[in-house]
Amino acid sequence: MAHDIIFFLIGLVLIVAGGNFLTDGASAVARRFNIPGLVIGLTIVAFGSSTPDLVVCLTSTLRDKSELALGDVVGANIFDLLLVVGVVALVRPIPITREMLWRDLPMAVLSSLALFFCGDDILFDGADADIIDRTDGLMLLAFFIIFMVYTFSMVRQQRPAAAAGTPAAPQQGRGRGGMWLAAAGIAGGLAALVVGGNWLVDGASGIARRAGLSEGVIGLTVVGFGSSVPDLATSVIAAAKRQPGIALGNVVGSCIFNVFLVVGLCSTVRPLNAGTISAFDFGTLAVGALLVWLFGAIIGRRVITRGEGAVLVVVYLAYAARLVMSIVE
C-alpha cells in the first residue's frame, strides 16, 4: 500500500508540474508569434488547466481502466463546481459577466447534462451497463468544436474594439534564450505528464485493489480531488486578490474542456465503461452546474453571494458524505 501511495503522490506532482511547464512554454511561444492574449487564455491556458485530467483519463483508457478515467472527470468537475466555486464565493461574492452568464455557464450545464445522458444507459435506455461509446464521444467532440468556433467568433468581434486606443504591449521572449527556455518547458512538461500519468494510474489502481475499493470510487475521490487542487488554489488566490470573475472562468472553462474534449477524445479512442459510477454521481454533477447558473442568472442577479456559496459547499459535503457511507457499507 505504501508503495502505491508514493507512486500516486509522485505521479500527481509530476502531472501538475508538467501541466504548468507545458502551459507556460506554449504561452511564451504564442506571444513570440504575436497571438493575442485573449486567444491564449481561451485555448492554451484553458487546455492547460485540463491537462492533468486529460493525461489521467487517456492513460487509464489506453490501459483498460475506463472506470478510473471517467471517475476522475466526474469527480473533478463536481469538486470544481460545488466546492471551488462555493469557497471562492465565501471568500468574495462572484460577479458574473454577460458572456459568462449566457455563453459559458449554459455550456457548462449542457456539458454536465450531456455526460449524464451519455453515461447512464441503465437509467435512460434500460441497458445492462453504462457505457460511453464512440458515437457519444464523437458527439461530445462535436460540441467542443462548436464551442470553440463560437468562442473564436466572439473574439474576432471584440478584437477591433479592444485594439482601438490600446498601445501595443512589448513582446517578451523574442530572444533565442527565451525561445529555448519555452521549448525546454514544453518538452519537460510533456515528459513529466507522460511519466506522471502512468505512475498516478498505477498508484491509484494499486490503492483500489488493496483497499477493496472500485476504481470508480478512487477516481471520484482521490484522483478527482488531486487533479483539481490546482484549480482550488488558483481560484482562491484570484478571489483574495479581488478577481473572483477570473476564478469562476478558470473553473467553468476547465469543466467544459473536461467533458467535451477529455471524455469525448477518450471515449472515441476506446468506449468508457462507467462501472460503479452511478446516476447519483452524474446527477450531482448536473445539479451542481444548474445551481451555479441559477444562482448567477436568477437568484443572485448576476452575483453568486456568500450565502449561495455556502449552499454549494454544503451540497458538496453531502455528496462526499454519501460517498464515504457507500464505501463503509
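## How the terms apply to this structure

Q: Why is the pairing of Arg 103 and Asp 104 called a salt bridge?
A: The side chains of Arg 103 and Asp 104 come to 2.9 Å, N to O. A salt bridge is a side-chain nitrogen of Lys or Arg within 4 Å of a carboxyl oxygen of Asp or Glu, so this pair qualifies. The structure holds one salt bridge. Both Arg 103 and Asp 104 are buried.

Q: What kind of model is this, and which pLDDT values are needed?
A: The model is predicted: local features need pLDDT of at least 70 and side-chain atom pairs count only at pLDDT 80 or more, while totals for chains, interfaces and linings use all residues. Residues are numbered from 1 along each chain as its sequence is written, and side-chain values use heavy atoms, with hydrogens and water left out.

Q: Why does Asn 77 count as buried?
A: Its relative accessible area is 1%. Buried means under 20%, exposed over 50% and partly exposed in between (1.4 Å probe, protein chains only), so Asn 77 is buried. Over the chain, buried residues make up 48% of the 329 residues.

Q: What makes the meeting of Asn 77 and Asn 258 a polar contact?
A: Their side chains make this contact at 2.8 Å. A polar contact is a pair of N or O atoms within 3.5 Å; within protein, one must be able to donate a hydrogen and the other to accept it, and residues adjacent in sequence count only if both atoms are side-chain atoms. The value of 2.8 Å therefore falls inside the distance limit.

Q: Which residues does Asn 77 touch, not counting those up to four places away in sequence?
A: Asn 77 touches Cys 255, Asn 258, Val 259 and Leu 285. Contact means heavy atoms within 4.5 Å.

Q: What is said of helix α3, where Asn 77 has its place?
A: Helices (H or I, at least four residues) and strands (E, at least two) are DSSP runs, numbered from the N terminus. The chain comes to 11 helices and four strands. In α3, 23 of the 26 residues are buried, and the helix is described as mostly covered.

Q: How do you know that the length of α3 agrees with its residue count?
A: The expected span is 1.5 Å times one less than the number of residues. For the 26 residues of α3 that gives 38 Å, and the end C-alpha atoms are 36 Å apart, which agrees. The 22 residues of α4 (98-119) should span 32 Å, against 31 Å between the end C-alpha atoms, and this agrees too.

Q: Where do α3 and α4 bend?
A: α3 bends by about 30° at Asp 80. α4 bends by about 30° at Asp 104, and Pro 106 follows within four residues. The bend at a residue is the angle between axes fitted to the seven residues ending there and the seven starting there.

Q: What caps the N-terminal end of α4?
A: Thr 97 does: one of its side-chain oxygens lies 3.1 Å from the backbone nitrogen of Met 100.

Q: How do you know that Asp 121 has no salt bridge?
A: Arg 134 is the nearest side chain of opposite charge, and it is 13 Å away. That is beyond the 4 Å limit, so no salt bridge forms in this model. Lys and Arg count as positive and Asp and Glu as negative, while His and the chain ends are not counted. Asp 121 is buried and lies in helix α5 (residues 121-125). Its side chain reaches the backbone nitrogen of Ile 131 at 3.1 Å.

Q: Why is Asp 64 called exposed?
A: Its relative accessibility is 61%, which is over 50%, so Asp 64 is exposed. Asp 64 lies in the loop between α2 (37-62) and α3 (66-91). Its phi is near 60°, a positive value in a residue other than glycine. Most residues other than glycine have a negative phi.

Q: Why is Val 269 called partly exposed, and Leu 248 buried?
A: Val 269 has 37% relative accessibility, in between 20% and 50%, so it is partly exposed. Leu 248, at 3%, falls under 20% and is therefore buried. Leu 248 is found in helix α9 (residues 244-269), and Val 269 lies in α9 as well. Leaving aside neighbours within four places in sequence, Leu 248 is in contact with Val 85, Ile 94, Ile 96, Met 100 and Val 292.
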